[in-house]
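Let's take a walk through this one together, starting with the overall outline and working inward. Have the view open and rotate as you read.

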Amino acid sequence: MSNVWESVEPRVYESQIKVPYAWQAGETASRFLLTLKNEKKFLGKKCPKCAKVLMPPRKVCPYCFVETGDWVDVSDEGVIETFTVARRDTGIMPLKPPFVYAVIRLDGADTGLVHLLGEIEPGAVRAGMRVKAVFAEERTGKILDVEHFKPV
Ligand SMILES: [Zn+2]
C-alpha cells in the first residue's frame with residue numbers, strides 16, 4: 001500500500017468561516033466594564049497576599065493564585081510601560097494602521113492594561129510617557145468605551 005501523497009498532488013482550498021460567539025464576562029470583568037461605562041472610572045482588585053493592585057481586575061491573583069479582595073479605584077492617567085506599532089491591516093483591527101498598542105500602567109495599579117494610543121504619531125511614542133484615557137461619548141460596556149489613551 002503506497003502513501004497517497006506520493007501519487008496525488010495535494011490541493012489547497014482557500015475560504016473563510018464566520019464564527020460568531022458570545023462570552024460571559026463573569027462577575028469581576030462585568031463590574032469593571034460597567035463601571036467604565038457608567039462612571040468613566042477604572043477599578044482594580046487588590047491581592048490580599050502580595051498587595052498588588054491588579055488592573056484590569058482579576059478574580060484570582062496570577063502571582064499568588066489566591067482570590068483577590070477589595071476593589072480599588074485607579075486613576076485614568078498612567079504611564080506607557082511598552083508599546084508596538086501595528087502596521088499591517090488584518091481586517092479586524094480597531095483602527096486603520098499604522099497605530100499603537102501600548103501596555104499602560106495606571107496610577108494606583110501594579111499591572112498594565114493593553115490599549116490603543118491616539119492623538120500622537122506612532123514615531124513619537126516612548127516608553128515612560130504619561131497618558132490619559134479618552135472615553136467614548138456613547139459607551140456600551142466594552143473595553144472600547146475607552147476610545148484610546150492620549151499623551152498628557
Ligand atoms: Zn498576589
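**From outline to core**

Two bridges join E1 to E2, and these strands run antiparallel. One residue pair to look for there is Lys-46 and its bridge partner in E2, Val-53. Keep in mind throughout that this is a predicted model.

Now zoom out a little. E1 and E2 belong to an open sheet of three strands, in the order E2-E1-E3, with antiparallel pairing. E2 and strand E3 (71-74) sit at the edges with a single partner strand each, so each has one side without a neighbour in the sheet.

Zoom out further and you have the whole chain, with its two helices and eight strands. Reading from the N terminus, the order is α-α-β-β-β-β-β-β-β-β. How spread out is the chain next to a compact globule? Its radius of gyration is 21 Å, while the globule rule gives 15 Å for 152 residues; the chain's value is well over that, so the chain is more spread out than a compact globule. Along the principal axes, its C-alpha atoms fill a box of roughly 65 × 40 × 30 Å. Of the 152 residues, 21% count as buried. As for how the chain meets itself, take the contacts with a separation of 6 or more: residues 24 or more positions apart account for 48% of them.

On to one of the helices. H2 has 14 residues, and at 1.5 Å a residue it should span 20 Å; its end C-alpha atoms are 19 Å apart, which agrees. Just after H2 comes Lys-40, and its phi is worth a look: it is positive, near 50 degrees.

Finally, the interior. Which residues have the most contacts inside the largest nonpolar core? That core has 23 residues, and the ones with the most contacts inside it are Met-55, Val-74, Ile-104 and Leu-106. The elements that give two or more residues to this core are helix H2 (26-39) and strands E1 (42-46), E2 (53-54), E5 (99-106), E6 (113-117), E7 (130-135) and E8 (146-151). E5 gives the most, with four residues.

Pick out Leu-106 and check what surrounds it. Leaving aside residues up to four places away in sequence, Leu-106 touches Phe-42, Met-55, Val-74 and Leu-113, and also Ser-75, Asp-76, Glu-77 and Gly-78. Met-55 and Val-74 are thus on two lists: they touch Leu-106, and they are among the residues with the most contacts inside the core.

Terms used
Residues are numbered from 1 along each chain as its sequence is written. This is a predicted model: local features need pLDDT of at least 70, side-chain atom pairs count only at pLDDT 80 or more; totals for chains, interfaces and linings use all residues. A nonpolar core is a set of buried Ala, Val, Leu, Ile, Met, Phe, Trp, Tyr and Cys residues joined through C-beta atoms within 7 Å. A residue is buried if 20 or more other C-beta atoms lie within 10 Å of its own, exposed if 12 or fewer, and partly exposed in between; C-beta atoms are placed from the backbone. Two residues are in contact if their C-beta atoms, placed from the backbone, lie within 7 Å. Two strands pair if DSSP finds at least two bridges between them. The radius of gyration is taken over C-alpha atoms; the globule rule is 2.2 Å times the number of residues to the power 0.38. The expected span of a helix is 1.5 Å times one less than its number of residues.
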